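Biologist: I would like to go through the reasoning behind a few labels attached to this model. Could you take them one at a time?

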Amino acid sequence: MNIYLSGYLDRNLGDDLMLKIIAYRFREHNFYVSVKKEELFIPFENEPNMYMLKPDDKINFDMGLTVTGSGFIIRGVTSILYFLKEEFERRRLVKGLKNAVIGCNIGPYRGLIGKILVKWKVRSYDLISVRDKASYDFVKKYSKKSILEIHPDLVFSMPDEWIPDVECEGHLGISTYRSNFESNLHYYKTIAKTADKFIEQTKRKVLLFAFDVEQENDLCSAYTILSMMKHKEYAEIIAHTDDGSNILYNLKRCGGILTARFHMAILATRFCLPFVPIAYSNKTVNALNDFGYEGEIFDIHSIS
C-alpha cells in the first residue's frame, strides 16, 4: 500500500523514532511524508520505504496514517493557526480514505476553542490508539464512531537490534528542555547545580542530551545549562543530529538518567536504566502512572 504518513516533524528524537518504528514494522508498505522544510527528512533518509512527498508527486494513496505523540496540543492563537493549517493539508491529501492515528495523547489545550478543535480533529479518524488512560477517556467521550485502543508508547516497541552494544561508563544523562512560552531560568540553574554536584561526588561525566534540534531547540537549553556549570570540562552535549543513532549510542554510556523529555523516560525504561522524571506537561505524569511508576515525579517549575 501507499500510505500518507503524517506526524510531528521537527528533528525531534522521540517523534522521529515513532515514525521510523512504524516504517520498520511494516516494511511491505510505502510511506510518504510531507515536510515543510527538506532538512526535516534527514532522520529518514536511509529508510528504504520512506519517501519525502514533493509538491508535483502524483501518488494514489490507499490510506492516511498519523503517528504522533503530542499531536493534539493547542496553547494559543499562533498554535490554533498552525493546527488548522496542518490539519487542512492532511485532510486534503487523504480525502475519502480510511484514516488512523496511533501513539497519541490528548492535550494540553487552552479554552473552549482549543477543546472544540481537538474534538474536531479526533472525530476525523476511523481508528485511534492513545498512550494513556486520560486520553482514552477523552476520545471515548467525544468520538463515538472511531475504533479506540490504548497501548503504551510506541518507542517501547523499538527493535532490539537498534539498541547499541556499548559498555556503561556510569555517567549521568540529562535530557534538557526549553519552553517557548515561559522562563526556563529556574530549571536551568537547578540542573546546572545538580550536574556539578554529581560530578563532585563521582568524578564522572554529565551528558546533556538535546532531543530536539529544530524549532523547540533543546541545544539552547543544553548550552545554557553548560554555561552555568562550574565543572564544564566534565560535560558533553549530545545532540540528535542523525537518524537517532547518536543519542542511543551515548545513552548506553549512562548509569542513570535525569529526564525532562518524555521519550527519555521511555528510552531509559527500554534500556533498563534508572531515571528521575521531571514533568513539564500532563503526558509524562499520565504515562508514568499508567505503567506503574512508583517514584516521585518532579514538576519542572518547582524542582530543587
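Modeller: Gladly, and bear in mind that the model is predicted. A place to begin is the loop between β11 (206-210) and α6 (218-228), where Asn217 is found.

Biologist: What makes the phi of Asn217 worth a remark?

Modeller: The angle is near 55°, which is a positive value, and Asn217 is a residue other than glycine. Arg11 likewise is not a glycine and has a positive phi, of about 50°; its place is the loop between β1 (2-7) and α1 (13-25).

Biologist: Why is Arg11 called buried?

Modeller: The term applies to a relative accessible area under 20%, and Arg11 has 10%, so it is buried.

Biologist: How do you know that the span of helix α3 agrees with its number of residues?

Modeller: Helix α3 covers residues 111-122, which is 12 residues, and at 1.5 Å a residue the expected span is 16 Å. The C-alpha atoms at its ends lie 17 Å apart, and therefore the two values agree.

Biologist: Which residues of α3 are buried, and what do they pack against?

Modeller: The buried ones are Gly114, Leu117, Val118, Lys119, Lys121 and Val122. Their packing partners are the strands β5 (72-74), β7 (106-109) and β8 (127-130), together with the helices α2 (77-93) and α4 (133-142).

Biologist: Strand β7 contains Pro108; what kind of peptide bond joins Gly107 and Pro108?

Modeller: That bond is cis, with omega at about 5°.

Methods: Residues numbered from 1 in each chain as written. Predicted model: local features only at pLDDT ≥ 70, side-chain atom pairs only at ≥ 80, totals over all residues. Heavy atoms only, no water. Helix = DSSP H or I, 4+ residues; strand = E, 2+ residues; numbered from the N terminus. Expected span 1.5 Å × (residues − 1). Buried < 20%, exposed > 50% of the residue type's maximum accessible area, 1.4 Å probe, protein only. Contact = heavy atoms within 4.5 Å.
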